[in-house]
Structure formats: C-alpha cells, structure tokens
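Work through the following exercises with the sequence and the model side by side, and read each solution only after attempting the task.

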Amino acid sequence: MPSSVMSTSMQGDGPPSPTVAPAVSAIGLRKSYGDKLVLGGIDLHVPAGSVFALLGPNGAGKTTAVKVLSTLVTADAGDLHVGGHDLATDPQAARAVIGVTGQFSAIDGLITGEENMLLMADLHHLSKEEGKRAAAELLARFGLVEAAKKPASTYSGGMKRRLDLAMTLVGSPRIIFLDEPTTGLDPRSRHTMWGIIRDLVTDGVTVFLTTQYLEEADELADRIAVLNDGTIAAEGTAEELKRMIPGGHVRLRFTDPAAYRSAAGALREITRDDEALSLSIPSDGSQRELRAVLDQLDAAGIEADELTVHTPDLDNVFFALTDSPTATAGADAPDQPEENAR
Ligand SMILES: Nc1ncnc2c1ncn2[C@@H]1O[C@H](COP(=O)(O)OP(=O)(O)OP(=O)(O)O)[C@@H](O)[C@H]1O
Ligand SMILES: [Mg+2]
C-alpha cells in the first residue's frame, strides 16, 4: 500500500512558495544506529511559519529525525538545512535559531520552575535582567506564576510539559521542535497546549512536531508526513492523506427488519450488516455523491431510520500506511464502528 500512495514532493495548494526558503529542509536524510537503519534517506520540507507533523508508530524514527534536525545527533548522509543553515558546515548557526522540547522532560525537579527558566536564560547568555524578564513573561504566559517558586518535581504532568515548552522558548527561537508535546496530557491540558502552539504560529514561529495523536496532527498541522520503515509512506495535508485511502461511505440504519430487507434487495454495491440492520454504500461524502445516494433511496421508496456519512479519519490513514500487526484490519475494514460520523 505505501508505494501506491507515496508522495515525494510538495504539490497542490499547500503553503510552500519557491521564493521563501523553507525553515527545515532535508534531502536524503539517512541515519543508522549500528546496523539498524532508522532513517533510509528521507526528504522533508517545512515552509517557514507553518506547522509540520511527523507521525509514525513507536520506533519509526521520529525522535531520531528531531535529534538530527536539531543538531543533537549527526546524520550519516543528507543535505540538511535548518533556518537556511547547512547542518554539515554550520550547525552552530542552526542551533541559534531553534528550540527543542524533547520527548522526555528536560526539567530539573530539584529546583523551582523559575530557577529552571533562569538556568535556560543563562545557557542562552541572557543578562541577569533579561533572563528574569524572559522567565517572568513566559511563566505568566504558560500559567505557571503560582507554581514558579515550587520545586518542579511537585508539578503535574501538564505543568511540566508547559514548563518544558516555556524553557524552549527562552531565547525566542524562530523554529521549534516538539517531540510528542502532549503525550500523557488530559484532554483539557492537550487543548491548552494546542492553543499555545497556535499562538506561536501566529507569531511566525515554525513548528516541527511529532505526535502519536492523529487528532493532534489533524488539528494543528499544515502538512503531515507518515514515517514507516525508515521511509516517508505519505505526505500531505490531513485532507489529502484522508483522500488517499478508501473507506468513505453512507450508512443507513433500520429498525424494521422488513424495511431493511427490501432496502438490501433494492440497492446496489452495498455492504450488509444483518445483525445491526444497517447497510453501507460507498461514497466520498461529497454533496454530489450524497445526492445520488438519496435519489437511489427515493427511487426505491426506501426510508431509513438513520443516515450517517462516514469519511476516513487519520486513524484509518495511519493503519493503512503503517505496518503494525493491527495495520491490515484498519486498512481493509472501512466499516469499523469507531469511525467519525458527521
Ligand atoms: N541511541 C540509540 N542507539 C541505538 N538505537 C537507537 C538509539 N536511539 C534510537 N534507536 C533505535 O532507533 C529506532 C527509532 O527510534 P526513535 O526513538 O527515533 O523512534 P520514535 O519514532 O521516536 O519512537 P517512539 O514513538 O516510541 O518515541 C528504534 O528502533 C530505536 O531502538
Ligand atoms: Mg520518540
């Protein structure tokens, strides 16, 4: 399946413009650990001011990609530029324009949130005064003023994640890498974090994030790449990715078994669920196709008790493109009950 949907270049109406240098550009990025090939020559392009999400199953190489692009680990090969700086010849210049929030917290739990912030300010060579000002401003922005004087080890997971990001923003990086910024957060904290990320983008910051939450990529990202087996299995907007896989359908539910049976006999190309008294008709969910389905129902004199339109969501895309043991079930079973109805 991946080869049939592979997209190698930016196309269509996406944000990239040939005149604006991408914030992050990787061509042929390769990285192995020992004899384990993790990234097999991948291409990534992130336009300045956009949000890019790297998805992939555990162990796919997301963190490795972040570490290479944020200069924490050296690539084996590849033409890599961050903020216009060549990572091979000028990693120092790249380092000056980026911030990184790792998958695992960089917070020192023994000192307070404020002290963690001031430590970061020191690392960025801010003067004492500038450091204090930056720390106060960021702690306020992230709702951590009250907690600022308490040891960071006493913070909740959500507070730690906010402090992590606040620390990343000391030094006002133009490009930030967020490795699973919301893993383990409750829905409210996740939404708070999304709001913070959106605000950063409004300010012109470029965000390169990895996530396990497909909903997160759907919400935040201008473009999404799915990493699998050391290659980019697909790349595009959330909508483009969803269109790559089949599974859209209209579902009709009946309460009257006789009405169900006559509908099942009258309609073509349906999938039956005799137990649930429901019928599925393939459809891309567009107005045109929906009208065709309704016309078909009218012509056959069928009145269903419930009609729902189902489009593939990013979970379906993820299952279709990544080869975990559960992959085939998701790819081949568009009638899964969890699908989003709208
Ligand atoms: N320092 C290292 N030494 C050896 N192997 C490593 C090292 N770091 C990562 N790997 C291996 O590289 C592969 C990719 O790891 P990576 O952490 O990049 O995956 P990931 O996509 O971030 O996974 P997760 O979703 O679990 O965070 C894994 O097989 C991992 O075991
Ligand atoms: Mg990781």
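Two residues are in contact if their C-beta atoms, placed from the backbone, lie within 7 Å. This is a predicted model, in which local features need pLDDT of at least 70 and side-chain atom pairs count only at pLDDT 80 or more, while totals for chains, interfaces and linings use all residues. Residues are numbered from 1 along each chain as its sequence is written, and chains are lettered from A and ligands numbered from 1 in the order in which they are written.

**Exercise 1.** Describe the fold of the protein chain in general terms.

Solution. Begin with the DSSP runs (helices, H or I, of at least four residues; strands, E, of at least two; numbered from the N terminus), which give 13 helices and 14 strands. Next, take the contacts between residues at least 6 apart in sequence, of which 70% join residues at least 24 apart.

**Exercise 2.** Decide where the predictor's confidence is low.

Solution. The pLDDT, the predictor's confidence in each residue from 0 to 100, has a mean of 86 over the protein chain, with 89% of residues at 70 or more. Over residues 1-14 the pLDDT is below 50, and this stretch has 18 contacts beyond near neighbours in sequence; residues 325-342 also have pLDDT below 50, with 23 such contacts.

**Exercise 3.** Identify the elements that contribute to the shell around ligand 1.

Solution. List the residues around ligand 1 (C-beta atom, placed from the backbone, within 6 Å of it), which include Tyr33, Lys36, Lys62, Thr63 and Gln103. Strand E2 (36-46) and helix H2 (62-69) each give two or more residues, and H2 gives the most, with 3.
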